[in-house]
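Trainee: Before we discuss what holds the ligand, could you show me the model and tell me how each term is defined?

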Amino acid sequence: MKAAVLLDYEQPVQTLDVELMDPKPGEVLVKMAAAGVCHSDLHVIKADLPLPVPLVLGHEGAGIVEAVGDGVTRVKPGDHVVLSWVPECGECYFCQISRYDMCDSAAASALMGAQRDGTTRFQLAGEEVYQFSMTGTFAEYTVVPEASAIPIRKDVPLELAALVGCSVMTGVGAVINTAKVRPGSSVVVIGTGGVGLNVIQGAKLSGAEKIIAVDTMDRKLEMARTFGATHTINAREKDVIMTVLDYTDQLGAEYAFEVIGRPETIAQAYNCLRKTGTAVVVGIASPNEEVCINAFSIPSQAKTLTGTWYGQGNPRIDLPKLLDLYKAGKLKLDELMTRTYDLSQVNEAFQDMLDGQVARGIIKF
Ligand code: APR
Ligand code: ZN
Ligand code: ZN
């Protein structure tokens, strides 16, 4: 069985034959149909996300249940599933208060690159191979916890359904669950890649009046218009904050989203807000970065600076709902899938993402 494995940081990903173990109690074996290529996978390659290697990459994906371990009740063989990369434990403090995105157990397992019991399901020549966020979707088959296998309607092609597993949930959830954008608002979105385009369509869905997209590539800004941006700023050509002021009657925006993961653009999101505005950090910066914010502005401008992890969602409820919104014509998925790849072309898919060639690249199995 083939999987795309990161053997060492900063190295090309290798498509290798790996062994997969049977699902243990509470786990599900999934035959992958499609996996999205996300910038978070690239963060792992660059060691910005501190995960162990060798590791099967991929955390956005959809497939068909092949077999289930003892005690699994939520899915059965033949079910179509989208994988959640934050499979909640249901027991920790944050699960108790229904903040499944903050599940301590899921975060600890993700850091270990292992399943909840601390062991892995992939092996290469008898050695353990770790798994990205208990999913590892860049593989023909994978074993995941029951809470990761979210059953979905069967009338959405699996390569489109895969997208709601990370980029759509993260982007749309940042707007609806975290910022709770109100109709008529002004919204700035900095970084219009696979996730940022979903922040834009989330803002449109929420009835935002002005959606100002910021990117360094004109091709990305054109995509942003397709997803609902009303204004665009090429950050290489124009001063972002001055231009946002011009577009918002010199007040600044009510909401700003950073969807890259860099300290400078996080500060930019905060600084382009009007007093009392809300900035939401979606992008994942490396754990040793710091953001510089003017101290006096904190009390005198009363802004909110917050973040969102997996769109602050409840995957079991929200992933199927996002697919319902797609079927109702209210969310774009077809336009996100710019190009499909074979598993062996995964490095090309990363390069296309960096070159701004795709909204989202999808690996099809
Ligand atoms: N200013 C504006 N835009 C920028 C800048 C910059 N300084 N630097 C990069 N960008 C743009 C890129 O041109 C690209 O369009 O940010 C976008 C990033 O998009 P992708 O590479 O497709 O990344 P994506 O998968 O959307 O992830 C974005 O969200 O979930 C997190 O880990 C993920 O940190 C990552 C972020
Ligand atoms: Zn992702
Ligand atoms: Zn938990």
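Mentor: A polar contact is a pair of N or O atoms within 3.5 Å; within protein, one must be able to donate a hydrogen and the other to accept it, and residues adjacent in sequence count only if both atoms are side-chain atoms. This is a predicted model, in which local features need pLDDT of at least 70, side-chain atom pairs count only at pLDDT 80 or more, and totals for chains, interfaces and linings use all residues. Side-chain values use heavy atoms, with hydrogens and water left out.

Trainee: What makes the pairing of ligand 1 with the side chain of S40 a polar contact?

Mentor: An oxygen atom of ligand 1 is 2.6 Å from an N or O atom in the S40 side chain, and the limit is 3.5 Å, so the pair qualifies. The R360 side chain also has an N or O atom 2.8 Å from an oxygen atom of ligand 1, while for I260 a polar backbone atom is 2.9 Å from a ligand oxygen.

Trainee: Which residues are closest to ligand 1, and how many surround it?

Mentor: A residue is near a molecule if one of its heavy atoms lies within 4 Å of it. Around ligand 1 there are 21 residues, the closest being H39, S40, H43, D215 and R360.

Trainee: Which helix gives the most to that shell?

Mentor: Helix 1, residues 39-45, gives the most, with 3 residues; a helix here is a DSSP run (H or I, at least four residues), numbered from the N terminus.

Trainee: Why is ligand 1 said to lie between two domains?

Mentor: Domain 1 (2-156 + 333-364) and domain 2 (171-310) both give residues to the shell, so ligand 1 lies between them. The domain bounds come from an automatic or database domain assignment.

Notes. Residues numbered from 1 in each chain as written. Chains lettered and ligands numbered in written order. Helix = DSSP H or I, 4+ residues; strand = E, 2+ residues; numbered from the N terminus.
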